[in-house]
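Visitor: I'm new to this one. Can you walk me through it?
Guide: Sure, here it is.

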Amino acid sequence: MNDYILTLSCPDRIGIVHHVTGWLLGLQGNIVDAQQFGDLATQRFFLRVHFSLPQDVASAELEQRFVAVADRFDMQASIHDARRKARLLILVSRQGHCLNDLLFRTHSGQLPVEIAGVVSNHQDFRGMVEGYGIPFHHIPVDAASKHAQERRVLDLVEQAQVDLVVLARYMQILSDSLCVALSGRAINIHHSFLPSFKGARPYHQAHERGVKIIGATAHYVTADLDEGPIIEQDIRRVGHEMSPSDLVRVGSDIESLVLARAVRWHVEHRILLNGQRTVVFR
């Protein structure tokens, strides 16, 4: 099928859906699925339409044909070829649970992506990554080499035509310039204790304080550390009988699941930005 996904946001007005569906009718398009949301607080309208066409048309050409509708309603709109798999670059340090989960989901066909490569500042997961036939790039980083290391990451993004950079427990703070360069196309995962229990061994710190709920947050990367628009979160209840290692195990499972959901929703074009918030059409 010649499948496409249209996403848009604009000031909320009467007639938006009418004009969008009329445009699709003019192309003899068939709507497979559609979701919409009008935010009363911001007075903005959000729409995702999965549609098919009788003929194969480049998504760039479709966007050009849609300009008249987009201009009429002051839309921020994109059209994507639903058949194209997004290309990922994964960044990881020494905690491999999220990396392992993404590799398996991709290899088994559960996640509709192509992993263009994995970058790490350590060698720990070279064997795992190369076992899947995926390029592994060991790029050490310290204060003196940070600029050059980030330049190499950006070069890989460009050379491999990467659509999304995934920080799968990558324990390095990205520079403001790199955050800007990857704006809207980089996702991070971390435990949800923040702003409490910062730094090393957060689950051990949480255990010492006797927490009853642990969780994870996936969000877009911005220059504001760990404060980008939230995509997905999840939690689990824990009890006094659980050891720090139990909390680490449960936390790792949640982090892997939350990150996988966020990546899937991004590559399926289900996420639209609404200021500092997100609209997620699940």
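Guide: First, a term. Helices (H or I, at least four residues) and strands (E, at least two) are DSSP runs, numbered from the N terminus. This is a predicted model: local features need pLDDT of at least 70, side-chain atom pairs count only at pLDDT 80 or more, and totals for chains, interfaces and linings use all residues. Residues are numbered from 1 along each chain as its sequence is written, and side-chain values use heavy atoms, with hydrogens and water left out.

Visitor: What phi does Gln-161 take, just after H5?
Guide: A positive one, about 50°.

Visitor: And which residues of H5 are buried?
Guide: Gln-149, Glu-150, Val-153, Leu-154, Leu-156 and Val-157. Buried means under 20% relative accessible area, exposed over 50%, and partly exposed in between (1.4 Å probe, protein chains only). Seen down the axis of H5, these residues fall within an arc of 155°, so they line one face of the helix. The arc is that of the directions from the helix axis to the C-beta atoms.

Visitor: Which residues are exposed on the other side of H5?
Guide: His-147, Glu-158 and Gln-159.

Visitor: What do the buried residues of H5 pack against?
Guide: Strands E5 (86-92), E6 (113-120), E7 (136-138) and E8 (164-167), plus helix H6 (176-181). Contact means heavy atoms within 4.5 Å.

Visitor: New topic. Which residues touch the most other members of the largest nonpolar core?
Guide: Val-118, Leu-259 and Val-263, in a core of 43 residues. Such a core is a set of buried Ala, Val, Leu, Ile, Met, Phe, Trp, Tyr and Cys residues joined through side-chain atoms within 4.5 Å.

Visitor: Which element gives the largest share of this core?
Guide: H8, with nine residues.

Visitor: What does Leu-259 touch?
Guide: Not counting residues up to four places away in sequence, Leu-259 touches Cys-98, Leu-102, Val-166, Ala-168, Ile-187 and Ile-189. Apart from this core lies another, of 22 residues, including Leu-27 and Phe-66.

Visitor: How many disulfides are there?
Guide: Zero, counting a pair of cysteine sulfur atoms within 2.5 Å as a disulfide. Cys-98 is in none, and the nearest cysteine sulfur, that of Cys-179, is 19 Å away.

Visitor: Is Cys-98 buried or exposed?
Guide: Buried, with a relative accessible area of 1%.

Visitor: Last one. How is the protein divided?
Guide: Into domain 1 (2-81) and domain 2 (86-280). The bounds come from an automatic or database domain assignment. The contact takes 13 residues from domain 1 and eight residues from domain 2.
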